[in-house]
Amino acid sequence: ALSSLFPQNGVSYFSFFYGIGGFPLLSISYIIPLVTSLYVIRKLVKPRLLAYVLILTPSFIFQGSNAYYDGLVTACLLGGIYVLYTSENVHLIFYSIFLFGFATASKFFPALYLALPMLILIVSHKKYLRWIIPLSLIGLLPFAVWGIRSFIYTGSPIYPFFQSIFPTPLHWPKNDPLEQVAMIQTVMSAWQWVIGGFAIYPLLTYVRSDWFLEATRGFTTIFYIFHVPVLFIAIIRIFKQPIDSRKKIVLLFAVCAYVAVGLVTRYYRYVWPFQVTSFVLALSFLHISKLHRIITVILCGLIIISMIDVVRLYGTFPTSYKSLGDSSSSRFADNDEFLVREKLNSVLQPEDRLLDASGMKLKRSYISTPVFQCNWYSIGIVDVFKRSKKDAVFARSYVRSFDYVVTNPWIREDSCQVLKSKVITDLENTSAWEKMYSNAQYNIYKRLIRK
């Protein structure tokens, strides 16, 4: 899959736990970023009950129950910020930039935060300016490993993004930039974001969650509507009261990072880590101890509302009552996908190659042999395979290198582009392939001429 050329620290993190202890330890790896985030938030905001209001939301619960990178990125950003924000030991700045570098090597967007430790040195620790070069190396090293790998394979360290700067015509059409995909841009344009969209974004993502991510209304929960008002209050406070310049810098930088990421994408999962970090820092500037009892009552009410949202949202999924971690089950039952996995596991041999070309990907960790998958990042690549007969021949020969192929009974726009139209027709009509299984969602093809 194309995503294998992205920075892989997130994959490495989850794979490390899975390699040591299988699914039980993998499940623990999901929770570690959640617990880390909760620890930092409890340290920064008061009353501490506020931390649980932030955590008890579908976004955090979702991130704490799967291997999406956003929860890991959020934990790294909060950890790095906490070190800069609270520690008087200037040497700990190296830990901070390492966490920012680790987050960057999981997803591109946190690269913005690599500049924050440098800024802190310039403003607050001028006598340590000689550290800027080693700090830069520590921050860039985790990402550089994957950037060099991507450059070797494609000619671009940030493939497939910014084709105008790093063109890779043999691998990606220049006139089809991935960063312009509708899901990344959402219904809000970059210009609308600049002229005020960033201020109403928390409200819009609550009342029209489906505009910004694959979720039902209210997924972000009502509490995050207060994000921008709290930011404004905190910014006013830091300029009216004598506050440590380092803390001012961290807060203002977090706000700028939130706005800057929104210029590139308004997709909620990508903006969310920056929304959380700026919100937490803003809340740390609000001194509400005098109204502690009233605030506690309000927070308890918000927790109840949050939990109602969680129950409402997650209650729509049919839960599988089989043991979690069982190789034949998943957290939420999907009968068609489950039956396909069961069928594949009954026939696959260790040496077999399986290509999952379906629009709704199989949970490959439950399949007994390695699975090759095409995903939505392949959008636009189909044009490459339309250019010449030679390319179509290559696509067909690529399919023939597999023993089994899984497709949908229909041709979807988000299905694997390599297997569209003519190639899928070949599977249906050629005598080299047999449709060995089919249900409402999936087809399984078996290659009759074996290697």
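Asp70, Lys107 and Arg269 are linked in a network of salt bridges, where a salt bridge is a side-chain nitrogen of Lys or Arg within 4 Å of a carboxyl oxygen of Asp or Glu. The model is predicted, so local features need pLDDT of at least 70 and side-chain atom pairs count only at pLDDT 80 or more, while totals for chains, interfaces and linings use all residues. Residues are numbered from 1 along each chain as its sequence is written, and side-chain values use heavy atoms, with hydrogens and water left out.

**Exercise 1.** Work out which parts of the chain are joined by the salt bridges of aspartate 70.

*Solution.* Begin with the general idea that side chains of opposite charge can pair when their charged atoms come close. Lysine 107 and aspartate 70 form a salt bridge with an N to O distance of 2.8 Å. This pair links distant parts of the chain, 37 residues apart, since lysine 107 sits in the loop between helix H5 (93-104) and helix H6 (115-124), and aspartate 70 in helix H4 (residues 70-86); helices (H or I, at least four residues) and strands (E, at least two) are DSSP runs, numbered from the N terminus. Next, arginine 269 forms a salt bridge with aspartate 70, and their closest N and O atoms are 2.6 Å apart. Because arginine 269 belongs to helix H12 (residues 268-284) and aspartate 70 to helix H4, this pair ties together parts that are 199 residues apart in sequence.

**Exercise 2.** Decide whether aspartate 70 and arginine 269 are buried or exposed.

*Solution.* Buried means under 20% relative accessible area, exposed over 50%, and partly exposed in between (1.4 Å probe, protein chains only). Aspartate 70 has 1% relative accessibility and therefore counts as buried, and arginine 269, at 14%, counts as buried too.

**Exercise 3.** Locate the salt bridge between aspartate 403 and arginine 447.

*Solution.* The search of the whole structure finds five salt bridges, and in this one the side chains of aspartate 403 and arginine 447 meet at 3.3 Å, N to O. Aspartate 403 lies in the loop between helix H15 (389-400) and strand E3 (404-407), whereas arginine 447 lies in strand E5 (residues 443-447), 44 residues apart. Both aspartate 403 and arginine 447 are buried.

**Exercise 4.** Find the helix in which isoleucine 195 has its place, and decide whether this residue is buried or exposed.

*Solution.* Isoleucine 195 is found in helix H9, and because its relative accessibility is 56%, isoleucine 195 counts as exposed.
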